[in-house]
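Reader: I would like a close look at one part of this model, the small sheet late in the chain. Please go through its strands and their pairing, and then set that part against the rest of the chain.

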Amino acid sequence: MTEVKKKHPTIEELLEVLKRLFPGADLDMVKLAYEFANLAHQGQRRTNGDPYITHSLTTAMNLTTMRADLNTIIAGLLHDVPEDTSYTIADIRKNFGDDIGNLVEAETKLGTLKYRGMERYVENLRKMFLAISKDVRVILIKFADRFHNLETLDALPPDKQKRIALESMEIFAPIALRLGMWETKGKLENLSFKYTDPDAYAWVTQLLETTSPSKEKSLAKVMKILQEKLAEQPNLRIASIQGRSKHLYSLYKKLLRHERDISKVYDLIAVRVIVEDVSECYAVLGIIHQLWKPLRGRIKDYIAQPKPNGYQSLHTTVFVGPGEIVEFQIRTQGMDDESYYGVAAHWYYTEQGKPKEGLKMNNPKFAWVNKLLKLQKEIQDSTEYLESLKVDVFPDNIFVFTPNGDVIDLPDQATPVDFAYHIHSDIGNHCVASRINDKLMPLSTPLKSGDVIDIITDKKRARPSPDWLQFVQTRTARERIKFEINRSRRLFGIFNKKA
Ligand code: MN
């Protein structure tokens, strides 16, 4: 099988992109970082045989698509230097300053435990939370690095392929989602999908190949009609109209919810209209409904009622011809930016690495980042910091871990009993004690993000304790406990009658 090798960006190409993104910025530091990394990685090759510097350049280039600031992009060029070469963090700090030095250091700490068994894996995840809380830009480098590692996964042995892909799908993608980075989440899932479930991947790819040409044709027609109609309204400021196809993996998940029938997936291809302000969003919605008849129950106003993660847009699905359906998404540029870049859309730095005036993270959705930053400034010692990490990284949910590294998502204030029922009702019903981070702790202890939970069960335990109802947070746990208590009461009742 011959495979076309993907072309890697050159430093010249990177500089071209940066000139466009940061007009007037001094790019000498970027050139220096490239030369430094090139020298440091000299003679090293990736598993696929490419010179190592191709990875540094691709990581930096990936960062330019995530709205990272210049220092983060430079740190992207340098991110593997301390781990894989004879140069140290101190060398980087000396040459490139503290901000870049700190980013590379945090990134290196995050990377040193990779792919080395499950115990280390759990530790690695905890470090990831710590890193995000210190400086969210570190996770951007991790994503950019991971994109390229996933793209070059073919060179690795199958067991490693699967593990890296699963880790990306189950850990990285949900984190991207929490950070509001939809595009990054979709990309991580798409790149991993091929390795986590090759058969399903082949099926969806093929399905899409057979259906999309006809869809694209009708889409072009629809976009032309809309464009002409909108042009008749001189007051409407339309920034862009684009046709977009659904991410492969989210299409797959949707197909599973619809009996694997692609004709039931209405947003296979969507048209996205970007306008200047909110009132124009509603005006465009009205025009679309004048042109085409909307499907009942498919008009969604996520502007008046944003999704819990903050996503805002108007959605409507309309009939554009007999049996032909198209979804429209209408939003402002700001809403669009946020759905692409998430936290980074707010996390805007100037070339000096200082937050731009007026572009601070004032969105309540990301308040947790600020909280953690403040906490981190107050506490310098990192071990103490880990202990004090009581503020949840994610506001309404916490992430905790099973002893072998599975991530469990629970509501705030959840306890080991919630955790036990989340794993299995049998484990919930028979749990007698819990170990949190290797320490025996009461079953009522509120858990916090990063905790590793080990549930101790005893088959002799007859039924759950009614006391647990005082502190459980999840509906599953509450219902299972009530059910078991009622059941044993009923049994007990029958037994009494007999006696
Ligand atoms: Mn790397």
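Author: Start with one pair of residues: Cys 431 stands opposite Thr 457, which lies in β11. Cys 431 belongs to strand β9, residues 431–436, and this strand pairs with β11 in the antiparallel sense over five bridges. The sheet around them is open and has three strands, in the order β10-β9-β11, with antiparallel pairing. Strands β10 (439–441) and β11 (453–457) are at the edges; each has a single partner strand, so one side of each has no neighbour in the sheet. From one strand to the next, the twist averages 35°.

All of this is read from a predicted model, and confidence varies along the chain. The mean pLDDT is 81, and 80% of the residues reach 70 or more. Over residues 112–119 the pLDDT is below 50, and this stretch has 14 contacts in the model beyond near neighbours in sequence. Residues 375–395 also stay under 50, with 38 contacts beyond four places in sequence.

Elsewhere in the chain is the metal site. The manganese ion is coordinated by His 55 (NE2), His 79 (NE2), Asp 80 (OD) and Asp 145 (OD), at 2.0 to 2.3 Å. The spacing of these donor residues in sequence is H-x23-H-D-x64-D. Two of them join distant parts of the chain: His 55 sits in helix α3 (residues 53–64) and Asp 145 in helix α9 (residues 137–151), 90 residues apart. Both His 55 and Asp 145 are buried.

Key. Residues are numbered from 1 along each chain as its sequence is written. This is a predicted model: local features need pLDDT of at least 70, side-chain atom pairs count only at pLDDT 80 or more; totals for chains, interfaces and linings use all residues. Side-chain values use heavy atoms; hydrogens and water are left out. Donors are N, O and S atoms within 2.8 Å of the metal (3.2 Å for Na, K and Ca); water is not among the atoms, so sites may look incomplete. Helices (H or I, at least four residues) and strands (E, at least two) are DSSP runs, numbered from the N terminus. Buried means under 20% relative accessible area, exposed over 50%, partly exposed in between (1.4 Å probe, protein chains only). Two strands pair if DSSP finds at least two bridges between them. Axes are lines fitted to C-alpha atoms, for helices over the stretch in contact, and angles run from 0 to 180 degrees between N-to-C directions. pLDDT is the predictor's confidence in each residue, from 0 to 100. Contact means heavy atoms within 4.5 Å.
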